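Biologist: Please show me the model, and then let me ask how its labels are justified.

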Amino acid sequence: MTGAPDDRESEANIGPNGDTADGLPMNDPEFNRHPQSGYRMLRDSGPVVTLPGIVPSRANADAHLVGRHADVVTVLRSPDIFSSRFDAVHIGQVRPLIPLQIDPPDHAKYRKLLDPLFAPRRIALLEDRTRTLVSDLVDSVADAGGCNFHTAVSEPLPSTVFLELLGLPVSRAAEFIALKDGIIRPPARTPEERSTMVDAAGARIYAVLQEVIDERLEAPQDGFISGFLDAEVDGERLTREEVVDICYLFFLAGLDTVTASLDCMMARLALHPAERRRLADDPSVIPRAVEEMLRWETPVTSVVRVTTQDTELSGCPIPADEVVSVMLGSANTDERAWDEAESVDIDRRVNKHLAFGGGIHRCLGSHLARMELRVVLEEWHARIPEYRVPEGVELDFSPSLRQIADLPLVW
């Protein structure tokens, strides 16, 4: 993502004031640095907060924000009422993305094919290669006294891991990252401009995937793409379109979410010396620290659903065919569900956060993401235990998917 898909992408719809469909002040840099107080205000406003006319991709329809943990879990576990179907998000796709935008019962047959690819045993086989990649990246900056962590480590590492896994050429990583950003972070000023940019980037991604799939049909190679072309679901081979629709979703999620998570975690540690020294002095706490920072930072702040029928949530009515923005970051800091919700405790023993979503669309690549995050923190702190953000620098987080494109660190 990286969480690879399934449920780690959210549409950043732009509202009339430049805000997002989340209805939170996503254009406010200070909010993006510290969204937790905004989440608290959302939860205190009620179980469901309706924002009128804020979804431009649906003729300025209303959006309903859900921020309390119990309600978020209900939505994620009720795909028959809160669907992740094709029109829930527009990220340049021309067909439903597989498996994210497939409702039950068909969703299960695709997960049956895809889940084993990301099982812990399969991911463990990738750790040595990942550690080598991380070690090389850290070596390249260790003696420099400083770097932009985003460009030096957090972007190239998960991109390389995922492109190798998928079977796409790593030599084209910069091109692929630019296409991904064209979907997730287009430099648009209006909703119309955004839609045009997203569609154009989507068309180019389809062309790239079709080109590579044609090559793999001619000459199979190691990697998921060749595997998908030979795979069968319920005794039937996947069609070429199905392979493209799986790869499109993988392309977006695989090139972004671990990058954003690494940015958030390293910024957190650079700004909190006691936590950083704890990891450097005792690497055994790193797995728990990863979980706690995923909870607190929640790099993928929300996911979107569409109601399939008139319904209600904690007594609040929601009409059929309307957008529900499921605020994962808010659920992860809800004092109704967590002890010491607003304390970052890297010794927290029970940590069932929703940073990877939940329900049938829970992130396929959570085990891969956790392995990458852990290995980066282990290798980095073994070589560079003391580091900080330079004096006077204010970090800027992108909205919705909380990436930090400029993350200077010095040591």
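What follows is a set of questions and answers about a predicted model.

Biologist: Why is Arg402 called buried?

Modeller: The relative accessibility of Arg402 is 2%. Buried means under 20%, so Arg402 counts as buried.

Biologist: Where is Arg402 placed, and what does Arg402 touch?

Modeller: Arg402 sits in the loop between helix H17 (366–383) and strand S11 (408–410). Leaving out residues up to four places away in sequence, Arg402 touches Asn32, Arg33, Pro35, Ala260, Cys264, Glu297, Thr298, Pro299, Thr301 and Phe397.

Biologist: What makes the pair Arg33 and Arg402 a polar contact?

Modeller: A polar atom of the Arg402 side chain lies 3.3 Å from the backbone oxygen of Arg33. The cut-off for such a pair is within 3.5 Å, so the distance of 3.3 Å satisfies it.

Biologist: How do you know that the length of helix H12 agrees with expectation?

Modeller: H12 covers residues 240–254, which is 15 residues. At 1.5 Å a residue, H12 should span 21 Å, and its end C-alpha atoms are 20 Å apart, which agrees.

Biologist: Why is H12 called largely enclosed?

Modeller: Of the 15 residues of H12, 13 are buried, so the helix is largely enclosed by the rest of the structure.

Biologist: What is the corresponding result for H17?

Modeller: H17 has 18 residues, and the distance from its first C-alpha to its last is 26 Å, close to the 26 Å expected at 1.5 Å a residue. In H17, 14 of the 18 residues are buried, so H17 is largely enclosed by the rest of the structure.

Biologist: Why is Ala337 called partly exposed?

Modeller: Ala337 has a relative accessible area of 39%. Buried would need a value under 20% and exposed one over 50%, so Ala337 is partly exposed. Ala337 is in the loop between helix H16 (328–331) and H17. The C-alpha atoms of Ala337 and Arg68 are separated by 8.5 Å, with their positions 269 residues apart along the chain.

Biologist: Is Gly358 buried or exposed, and how do you know?

Modeller: The relative accessible area of Gly358 is 8%. The limit for buried is under 20%, so Gly358 is buried. Gly358 also lies in the loop between H16 and H17. From C-alpha to C-alpha, Gly358 and Val73 are 7.1 Å apart in space, while in sequence they are 285 residues apart.

Biologist: What makes Val66 buried?

Modeller: Val66 has a relative accessible area of 0%, and buried means under 20%, so Val66 is buried. Val66 belongs to strand S2 (residues 61–66). Among the residues that Val66 touches, beyond those up to four places away in sequence, are Pro47, Val48, Leu313, Val324 and Met327. The C-alpha atoms of Val66 and Gly46, 20 residues apart along the chain, are 8.6 Å from each other.

Biologist: Which peptide bonds are cis, and what is omega there?

Modeller: The bond from Ile98 to Pro99 is cis, with omega near 5°. The bond from Pro104 to Pro105 is also cis, again with omega near 5°. Pro99 lies in the loop between strand S3 (82–83) and helix H4 (106–114), and Pro105 is in the loop between S3 and H4 too.

Biologist: Why would one remark on a cis bond or a positive phi?

Modeller: Most peptide bonds are trans, and most residues other than glycine have a negative phi.

Biologist: Which residues have a positive phi without being glycine?

Modeller: Ser314 is one of them, with phi of about 50°, and Asp321 is another, with phi near 65°. Ser314 is in the loop between strand S8 (311–313) and strand S9 (316–318). Asp321 is in the loop between S9 and strand S10 (323–327).

Biologist: How do you know that Asp321 is partly exposed?

Modeller: Its relative accessible area is 42%. Partly exposed lies between the limits of under 20% and over 50%, so Asp321 is partly exposed.

Biologist: What lines the second largest pocket?

Modeller: The second largest pocket has 20 lining residues, and His34, Ala267, Leu271, His272 and Leu395 lie nearest its centre. Helix H13 (257–271) and helix H15 (286–297) are the elements that give two or more residues to this lining. H13 gives the most, with four residues. The lining has nine nonpolar, four polar and seven charged residues. The volume of the second largest pocket is about 340 Å³.

Note on methods
Residues are numbered from 1 along each chain as its sequence is written. This is a predicted model: local features need pLDDT of at least 70, side-chain atom pairs count only at pLDDT 80 or more; totals for chains, interfaces and linings use all residues. Side-chain values use heavy atoms; hydrogens and water are left out. The expected span of a helix is 1.5 Å times one less than its number of residues. Buried means under 20% relative accessible area, exposed over 50%, partly exposed in between (1.4 Å probe, protein chains only). On a 1 Å grid over the protein atoms alone, a cavity is a set of points where a 1.4 Å probe fits but cannot get out, and a pocket is an open set with protein on both sides within 12 Å along at least five of seven lines; lining residues have an atom within 4 Å of a point. Grid points are joined across faces, edges and corners, and a volume is the space filled by probe spheres set on the points. Ala, Val, Leu, Ile, Met, Phe, Trp, Tyr, Cys and Pro count as nonpolar, Asp, Glu, Lys and Arg as charged, and the others, Gly among them, as polar. A polar contact is a pair of N or O atoms within 3.5 Å; within protein, one must be able to donate a hydrogen and the other to accept it, and residues adjacent in sequence count only if both atoms are side-chain atoms. Contact means heavy atoms within 4.5 Å.
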